[in-house]
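User: I should like to learn how to read the features of a protein structure. May we work through one together?

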Amino acid sequence: MRPVLFEMLGFPINSYDASKVAAALLACYLSARELRRLGWDPDRAWSLVVWATVLGFVAGELYYLAEHAGSLSPLSFGSSGFTWYGGLIAGALTVVVLARRCGMPLVPLAGIVAAPPSFAYGVGRTGCLLSGDGTYGTSAELPWAMAFPNGTMPTTVPVHPTALYEAVVAIALGGCCGNCAADGRR
């Protein structure tokens, strides 16, 4: 595992943060491509994705803090501790609000924006795997079980690589959603 990918100007560039940036850029690109294909303004994709991403991370952190209100420490306010469904809720609401403000019809937009976040989530979960962020499954004796001795949250016990499982499922789901959207099915 590689929690830190490289250093730039003395600052560590870690795999977790790099994967989140790559995920957002991928979602922007794929969403803009779909909007362009339908004759809509592709620049709107960037606003939708950037705002949904930023507010999604803020809400994911706030949801985490609310869940753990009884056991917070100064470390709870760092760069870890996100609850994904807090981000999902805020991201979806952000897209709805921005779409309405821009006069974009919600039903076709929902079909367009289903696949890119799924692909992005898969990329993001790959970063979680690379950083060894502690979102592991239970111990396992399977051939693909992994230990994360150098992870952000180290473990020497082989465990289910749940981040890898989620990445594979998310990318497959994005492929299915993308094919349906391209074929005009919802």
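Analyst: Let us begin with contact, which here means heavy atoms within 4.5 Å. Please keep in mind that the structure shown is a predicted model.

User: With that meaning of contact, which residues does M104 touch, leaving aside its neighbours within four places in sequence?

Analyst: M104 is in contact with L35, W40, R44, L48, A99 and L109. M104 itself is placed in the loop between α3 and α4, the latter covering residues 106-112. One of these partners, W40, is 64 residues from M104 along the chain, and the C-alpha atoms of the two are separated by 8.9 Å.

User: Is M104 buried or exposed?

Analyst: The general idea is a cut-off: a residue is buried under 20% relative accessible area and exposed over 50%. M104 has a relative accessible area of 9%, so M104 is buried.

User: Where is F148, and what does its accessibility tell us?

Analyst: F148 is in strand β3, residues 146-148. Its relative accessibility is 1%, and therefore F148 counts as buried. Not counting residues up to four places away in sequence, F148 touches M1, L129, G132, Y136, M153, P154, T155 and V159. One may also compare sequence with space: F148 and P158 are 10 residues apart in sequence and 7.8 Å apart from C-alpha to C-alpha.

User: For contrast, what is the accessibility of L93, and where does L93 lie?

Analyst: L93 lies in helix α3. With 53% relative accessibility, L93 counts as exposed. The C-alpha atoms of L93 and A66 are 19 Å apart, while 27 residues separate the two along the chain.

User: What is notable about the phi angle of L9?

Analyst: The phi of L9 is near 55°, a positive value in a residue other than glycine. L9 is found in the loop between β1 (4-8) and β2 (11-14). L9 is exposed, with a relative accessible area of 81%.

User: How does one describe two helices that pack together?

Analyst: Two packed helices are described by the angle between their axes and the distance between the axes. Consider helix α1 (residues 15-37) and helix α5 (residues 115-131): their axes come within 8 Å and cross at roughly 165°. An angle over 145 degrees counts as roughly antiparallel, and α1 and α5 are therefore roughly antiparallel to each other. The crossing in which α1 passes α5 is right-handed.

User: Which residues make the contact between α1 and α5?

Analyst: On the α1 side they are S15, Y16, S19, K20, A22, A23, L26, A27, L30 and S31. On the α5 side they are P116, F119, A120, V123, G124, R125, G127, C128, L130 and S131. By class, this contact of α1 with α5 has 12 nonpolar, 6 polar and 2 charged residues.

User: How do α1 and α2 meet?

Analyst: The axes of α1 and α2 come within 8 Å and cross at roughly 145°, and the crossing is right-handed. From α1, the residues K20, A24, L25, A27, C28, Y29, S31, A32 and L35 meet R44, A45, W46, V49, V50, T53 and F57 in α2. The residues of this contact of α1 with α2 divide into 12 nonpolar, 2 polar and 2 charged.

User: At what angle do α2 and α3 cross, and which residues are involved?

Analyst: Helix α2 (residues 43-67) and helix α3 (residues 84-102) have axes that come within 6 Å and cross at roughly 145°. This crossing of α2 and α3 is right-handed. Among the residues making the contact are W51, L55 and Y63 of α2 and A90, T94 and L98 of α3. The contact of α2 with α3 divides into 12 nonpolar, 7 polar and 2 charged residues.

User: How many disulfides does a search of the whole structure find?

Analyst: The search finds 0 disulfides. A disulfide needs two cysteine sulfur atoms within 2.5 Å. The sulfur of C28 is 14 Å from the closest cysteine sulfur, that of C102, and this is too far for a bond.

User: Are C28 and C102 buried, exposed or partly exposed?

Analyst: C28 is buried, with a relative accessible area of 2%, whereas C102 is partly exposed, at 33%.

Methods. Residues numbered from 1 in each chain as written. Predicted model: local features only at pLDDT ≥ 70, side-chain atom pairs only at ≥ 80, totals over all residues. Heavy atoms only, no water. Buried < 20%, exposed > 50% of the residue type's maximum accessible area, 1.4 Å probe, protein only. Axes fitted to C-alpha atoms, helices over the stretch in contact; angles between N-to-C directions. Helix = DSSP H or I, 4+ residues; strand = E, 2+ residues; numbered from the N terminus. Parallel < 35°, antiparallel > 145°, perpendicular 65-115°, else oblique. Left-handed = near helix turned anticlockwise from the far one by under 90°. Nonpolar A, V, L, I, M, F, W, Y, C, P; charged D, E, K, R; others polar.
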